[in-house]
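This report describes two sheets, the helices packed on them, and the enclosed and open spaces of one protein chain. The sequence and the structure are shown first.

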Amino acid sequence: MFPDIPIRKIIHVDMDAFYASVEQLDDPSLLGKPLAVGGGEKRGVVSAASYEARKFGVRSAMSGFLAKRNCPNLIFVKPRFSRYKEISVKIREIFLDYTDLVEPLSLDEAYLDVTINKKGNPSATLIASEIRKRIYTEIGLTASAGISVNKFIAKVASDYNKPNGQKTVNPEDVLSFLEELEIRKFYGVGKVTAEKMYKLGIFTGADLKIRSLDFLEQHFGKSGSYYYKVVRGIHDSVVKPNRTPKSVAAERTFSENLSSEIFMLERLENIAEELERRLKKSAIAGKTVTLKIKYSDFTLQTRSKTLAYFIASKELIIETVKELLYQEKLGNSVRLLGISLANLNTEKKDASKEDSVSVQLKFEF
């Protein structure tokens, strides 16, 4: 690490197979069995899979048909998001016993900044262990955790000893940890980017580190600067307790493909109504409307338009969506439609940078 880089004590807690684990918690007869949360019918999609199902290659976002083919004994249960949210709130209450600096990423994962914490415990490693133990004894679920000097490394580390484990990357070990890391395990490097890096001879953090900033920006655009920094242990993003949503969306997958714009508009009316409900619930409006179209061959297309004013009503949303739908001829029959609203009235100008905690390299973790 460089001496002028702020070092914090960050924990990333990630629940193990959260949705599936909740179902097994509530129905013990499902314990130890391959389980998928989602639809098992022809057009169904897996939202989450138990570890027993993952052994057969069942993964989230996989079609129910393919999941069942991979694992004939797979059990499907319908998602119960109200129940998942209820348990997520209980988990968050445990986090808040240790720090108010909790940044939820979703129902099942969050960052915690425990540099200064309510327990006065100097060891982030011990805090993470205690939190995981409490989640298990008080709720009945297991969690994994990553502990390090910033959010990026903590998130990568939380995936190391899953399920029901944790990994600490101490300040003095950060650079060697990143150099040895497989490039596909870098948070922010997806499948497509990983394949591109492989073609450029980049397989590990060490391979990435020897590339110049110019080289990375030339091949990866703005993301090049991000890769250049994180492989050197530089990630300035602080834990933000009140994460402001950047967009609000609603979408539907259909049991039968749609080939007529008339039928699509009927479905889009329902989706816009659901989106309006979500916007009103959060008192949010936005300017940029995006229509998401997934075709029967699984290719994805988005069409967007930015208005000069904020909107939140179904009528104004659907008016723009109609324009986007007829913007160009559809390439194929459609299996999914979605609408999102971005450029929200919740977004703020860049505020002054938050105070950071700088410490010496000898930093107890």
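How many bridges join β1 to β6, and in which direction do these strands run? In this predicted model, β1 and β6 run antiparallel and are joined by five bridges. One position along this pairing is I10, which stands opposite D113 in β6.

## The five-stranded sheet

The pair belongs to an open sheet of five strands, arranged in the order β5-β6-β1-β7-β8, with mixed pairing. Because β5 and β8 (166-168) each have a single partner strand, they stand at the edges, and one side of each is left without a neighbour in the sheet. From one strand to the next, the twist averages 15 degrees.

Two helices are described against this sheet. Helix α4 lies across β1, β5 and β6, and runs at about 155 degrees to β5. Helix α5 (residues 124-138) packs on the sheet as well, where it touches β1, β6, β7 (143-148) and β8. The direction of α5 makes about 170 degrees with that of β7.

Helices α4 and α5 also pack against each other, at an angle of about 140 degrees and with their axes 10 Å apart. The crossing in which α4 passes α5 is right-handed. On the α4 side the contact involves I91, I94 and F95, and these meet I131, R134, I135 and E138 in α5. By class, this contact has five nonpolar and two charged residues, and no polar ones.

## The four-stranded sheet

A further open sheet consists of four strands in the order β9-β12-β10-β11, and its pairing is antiparallel. Its edge strands are β9 (247-258) and β11 (300-311), each of which pairs on one side only. The twist in this sheet averages 15 degrees from one strand to the next.

Within the sheet, strand β10 (residues 286-295) and strand β12 (residues 334-344) run antiparallel and are joined by nine bridges. V289 has L341 as its bridge partner in β12.

Helix α12 (residues 261-282) lies across β9, β10 and β12, and runs at about 150 degrees to β9. Helix α13 (residues 314-325) packs on the sheet too, touching β10, β11 and β12, and its direction makes about 140 degrees with that of β11.

The axes of α12 and α13 come within 9 Å and cross at roughly 140 degrees, and the crossing is right-handed. The residues that make the contact include M264, L265, L268, A272, L275 and L279 of α12, together with I317, I318, V321 and L325 of α13. Charged residues take part as well, among them E261, E269, E273 and E276 of α12 and K314, E315 and K322 of α13. The class count for this contact is ten nonpolar, no polar and seven charged residues.

The table sets out the angles between helices and strands.

| Helix | Reference strand | Angle |
|---|---|---|
| α4 | β5 | about 155 degrees |
| α5 | β7 | about 170 degrees |
| α12 | β9 | about 150 degrees |
| α13 | β11 | about 140 degrees |

## Cavities and a pocket

Which residues line the largest cavity? The structure holds two cavities of 30 Å³ or more, and the largest has a volume of about 60 Å³. Its lining is made of M15, S88, I91, R92, F95, P104, S106, L107, D108, E109 and A110. The elements α4 (81-96), β5 (102-106) and β6 (109-113) each supply at least two of the lining residues, and the largest share, four residues, comes from α4. Two residues of this lining, I91 and F95, also take part in the contact of α4 with α5. By class, the lining of the largest cavity divides into six nonpolar, two polar and three charged residues.

The second largest pocket has a volume of about 930 Å³. It is lined by 25 residues, and those nearest its centre are D14, R54, S60, D159 and K162. Two or more lining residues are given by each of β1 (10-15), α1 (18-26), β3 (46-49), α2 (51-54) and α6 (151-158). Strand β1 is thus named both here and in the five-stranded sheet. The lining of this pocket comprises eleven nonpolar, four polar and ten charged residues.

Methods: Residues numbered from 1 in each chain as written. Predicted model: local features only at pLDDT ≥ 70, side-chain atom pairs only at ≥ 80, totals over all residues. Heavy atoms only, no water. 1 Å grid on protein atoms, 1.4 Å probe; cavity = no way out; pocket = protein on both sides within 12 Å on 5 of 7 lines; lining within 4 Å. Points joined across faces, edges and corners; volume = space filled by probe spheres on them. Nonpolar A, V, L, I, M, F, W, Y, C, P; charged D, E, K, R; others polar. Pairing = 2+ DSSP bridges. Axes fitted to C-alpha atoms, helices over the stretch in contact; angles between N-to-C directions. Contact = heavy atoms within 4.5 Å. Left-handed = near helix turned anticlockwise from the far one by under 90°.
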